[in-house]
Number of protein chains: 2
Amino acid sequence: MPSEFELIARYFTRPTQHTRLGVGDDGALVSPTPAMELVVSTDMLVAGTHFLPDADAEAVGWKSLAVNVSDLAAMGAQPRWALLAAALPDADELWIAAFAEGFFACAQTFGIDVIGGDTTRGPMNFCVTIFGEVPPGQALLRSGARPGDEIWVSGTPGRAALGLAHLQGRCQLGEAALADCLTALARPQPRLALGLGLRGLASAAIDVSDGLLADLGHILGSSKVSAALQFERLPDTAWRYCPDQALAQDCLLAGGDDYELVFTAPVGAHARVATLAQSLGLALTCIGQIADGAPGKLVLLDREQKPIAAHHHGFDHFA
Amino acid sequence: MPSEFELIARYFTRPTQHTRLGVGDDGALVSPTPAMELVVSTDMLVAGTHFLPDADAEAVGWKSLAVNVSDLAAMGAQPRWALLAAALPDADELWIAAFAEGFFACAQTFGIDVIGGDTTRGPMNFCVTIFGEVPPGQALLRSGARPGDEIWVSGTPGRAALGLAHLQGRCQLGEAALADCLTALARPQPRLALGLGLRGLASAAIDVSDGLLADLGHILGSSKVSAALQFERLPDTAWRYCPDQALAQDCLLAGGDDYELVFTAPVGAHARVATLAQSLGLALTCIGQIADGAPGKLVLLDREQKPIAAHHHGFDHFA
């Protein structure tokens, strides 16, 4: 069986592009770009909590890094460096090799140097920390939404949750829908190009990891504003995919794991957001508006502008 | 039971000193000091692997951050910021509060802003990422040892391993020795002042986390040099503490978890190292010399300069 150090050398040490000293010392050494701000985020993925124990290793590797790229996308930051700490129950080399393939595929896609980490024995757990850069003052925060701003969402949220629901036997998706949903679940595409394009355009942003309503709620709380969403404007993919319309709505409004972005922008920026959508080839849908009501309050309105009852809470690990 | 977000707000959000945006967004925002290099390190601590399941929560909190401070000390870097990702089997508030006390006590001791993290459910696991700063080109690397350099060790290694051996019933320490060893095990003191003082003085450095011989071996491997250690010069605390001399030697040579520094320095710097020891009030012992033998080869010599057989390997999580 390979040693801890052989595992690191064999699977987790690859050439870097913009790093002074990578894997192999007590710490890594990098030179930040002068006059840029540093954006840092960390996410921990636990087997059985964040991915099914029998999930494809390459997909778990991709996702471990992708969810961190998504955090930087939501801040409008360019990811540059990442560290990977891994607890593994044993040194299953085939599994580790596939995991590393997925992890480094994501790193290469987004131009990230993997510069260090830690490998230890324990119940399977991957903790990734990512570092990126943003010009001073241009980071997209949760706290910048203002009354009157429009609320936008990228892509078609709810697919990852529908894919999971299918795997858990809670619904039965058609072949094409299933393939689309399982891809969204296993290999999420962080909206980095969108996040970078929203610098100077969006007033606030967040990625949808806990659910559309819950994550929009974080913007409302941080910005101390309220919001009204237009029910009929929501991307309708989840409903089209799933015969169980109540489940579809639940996945759309409260399903996490899609890693789409929800953001706000002034009404005057509407045309520029539409142009950005076109240039990225990515659906950006205006789904509502920020208001100056009770901070954090979120109403869902039907076609006649009457409130719809919706009790969708986001994911809470200790609820 | 408190939610994930209440836990973070209640126990893991404290004012920062040198951070633009801390806990509460998709990422944290910091402004690196102009023209400094950034040193980054991450360590994962798993219950049952790195600490006993019934270990004192405050001590686990202290140690989770302290082992990362030690990595930066070994690089000669000033720690500035840290992130904490935690997997917890349940939301035991008393335990979490004590853990947070220990963690923030360490952060305060070393001037570190805690700027973000992640909280999730799972088998207990703490992953800390730390980053700090060092003037360009002044980081202490493992690769800088040169033939003729003297080899030094700080403090009295082996105490943490002796403390663990006592707890596991493998030896019986006297009262004073036990107290000293348990403190070393539970509340290691990273040698940050030493690491900073060694800038421009040491040619190579590493912290002793896997064992004295194993970690010195990492320097030899990276520097492509050999070394001779003088057995009778090794700090003798472990032997004085423990009647079982074979166990004491094992703890001294192969015990991890002390977080002392092993470093090399040119012979011409001997007096300056001695002066540094005095100014820090910390024992620094010259235990041997680097040579140009087979890269990685390490011999232990007795009083007559005859090799002593020693088969001490460091800790390997998958061995």
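Where in chain A does A:Ile112 lie? In this predicted model, A:Ile112 sits in the loop between α3 (93-109) and β4 of chain A. With a relative accessibility of 6%, A:Ile112 counts as buried. Setting aside neighbours within four places in sequence, A:Ile112 is in contact with A:Leu65, A:Val69, A:Pro79, A:Arg80, A:Trp81, A:Ala82, A:Ala107 and A:Ile130. Sequence and space tell separate stories here: A:Met124 is 12 residues away from A:Ile112 along the chain, yet their C-alpha atoms are 24 Å apart.

One of those partners, A:Ala82, belongs to strand β3 of chain A. Its relative accessible area is 0%, so A:Ala82 is buried. Again leaving out neighbours within four places in sequence, the contacts of A:Ala82 include A:Ile112, A:Asp113, A:Val114, A:Ile115 and A:Gly116, along with A:Val128, A:Thr129 and A:Ile130. The pairing with A:Thr129 spans 47 residues along the chain, but the two C-alpha atoms are just 5.6 Å apart.

Next comes the way the two chains go together. Chain A can be laid on chain B by a turn of 180° and a shift of 0.0 Å along the axis, with an RMSD of 0.0 Å. The two copies are therefore related as by a two-fold rotation axis. Both copies use the same surface, in that 100% of the contact residues of chain A recur in chain B. In total, 65 residues of chain A are in contact with 66 residues of chain B. The size of an interface is often given as the accessible area lost when the parts come together. Between chain A and chain B, the buried area is about 5,200 Å², with carbon and sulfur atoms giving 59% of it.

Polar links also run between the chains. There are 6 salt bridges between chain A and chain B, and 19 residue pairs are in polar contact there. On the chain A side, at least two residues each come from α1 (4-11), β1 (28-30), β2 (37-46), α2 (57-74), β3 (78-88), β4 (113-121), β5 (125-134) and β7 (204-207). Of these, β2(A) gives the most, with 9 residues. One salt bridge across the interface joins B:Arg142 to A:Asp25, with the closest N and O atoms 3.7 Å apart. B:Arg142 is also part of a salt-bridge network with A:Asp25 and A:Asp26.

How far is B:Asp118 from the nearest side chain of opposite charge? That side chain belongs to A:Arg142 and is 9.5 Å away, and B:Asp118 is buried with no salt bridge. B:Asp118 is located in strand β4 (residues 113-121) of chain B. A polar atom of the B:Asp118 side chain does lie 2.8 Å from the backbone nitrogen of A:Met44. Not counting residues up to four places away in sequence, B:Asp118 touches A:Thr42, A:Asp43 and A:Met44 from chain A, plus B:Leu84, B:Ala85 and B:Ala86 from chain B.

Over all chains, the structure holds 21 salt bridges. Within chain A, A:Glu58 pairs with A:Arg187, the closest N and O atoms being 4.0 Å apart. This salt bridge links distant parts of the chain, with A:Glu58 in helix α2 and A:Arg187 in the loop between α5 (175-186) and α6 (192-197), 129 residues apart. A:Glu58 is partly exposed at a relative accessible area of 32%, and A:Arg187 is partly exposed at 31%. Another salt bridge brings together A:Arg240 and A:Asp236, at 3.3 Å from N to O. Here A:Arg240 counts as exposed at 57% relative accessibility, while A:Asp236 is partly exposed at 39%.

In chain B, the side chains of B:Arg191 and B:Glu260 meet in a salt bridge of 2.8 Å, N to O. They too come from distant parts of the chain: B:Arg191 from the loop between α5 (175-186) and α6 (192-197), B:Glu260 from the loop between α9 and β9, 69 residues apart. B:Glu260 is buried, at a relative accessible area of 2%.

Finally, a word on backbone angles. Most residues other than glycine have a negative phi. B:Tyr259 is not a glycine but has a positive phi of about 60°. B:Tyr259 is found in the loop between α9 (245-254) and β9 (261-265) of chain B, and is buried with a relative accessible area of 8%. A:Lys224, also not a glycine, has a positive phi of about 55°. This residue lies in the loop between α7 (212-223) and β8 (226-230) of chain A, where A:Lys224 is exposed, with a relative accessible area of 62%.

Definitions and conventions:
Residues are numbered from 1 along each chain as its sequence is written. Chains are lettered from A and ligands numbered from 1 in the order in which they are written. This is a predicted model: local features need pLDDT of at least 70, side-chain atom pairs count only at pLDDT 80 or more; totals for chains, interfaces and linings use all residues. Side-chain values use heavy atoms; hydrogens and water are left out. Helices (H or I, at least four residues) and strands (E, at least two) are DSSP runs, numbered from the N terminus. Buried means under 20% relative accessible area, exposed over 50%, partly exposed in between (1.4 Å probe, protein chains only). Lys and Arg count as positive and Asp and Glu as negative; His and the chain ends are not counted. A polar contact is a pair of N or O atoms within 3.5 Å; within protein, one must be able to donate a hydrogen and the other to accept it, and residues adjacent in sequence count only if both atoms are side-chain atoms. Contact means heavy atoms within 4.5 Å. Copies are superposed by least squares on the C-alpha atoms of residues with pLDDT of at least 70 in both. Buried area is the accessible area (1.4 Å probe) that two parts lose on being put together, summed over both.
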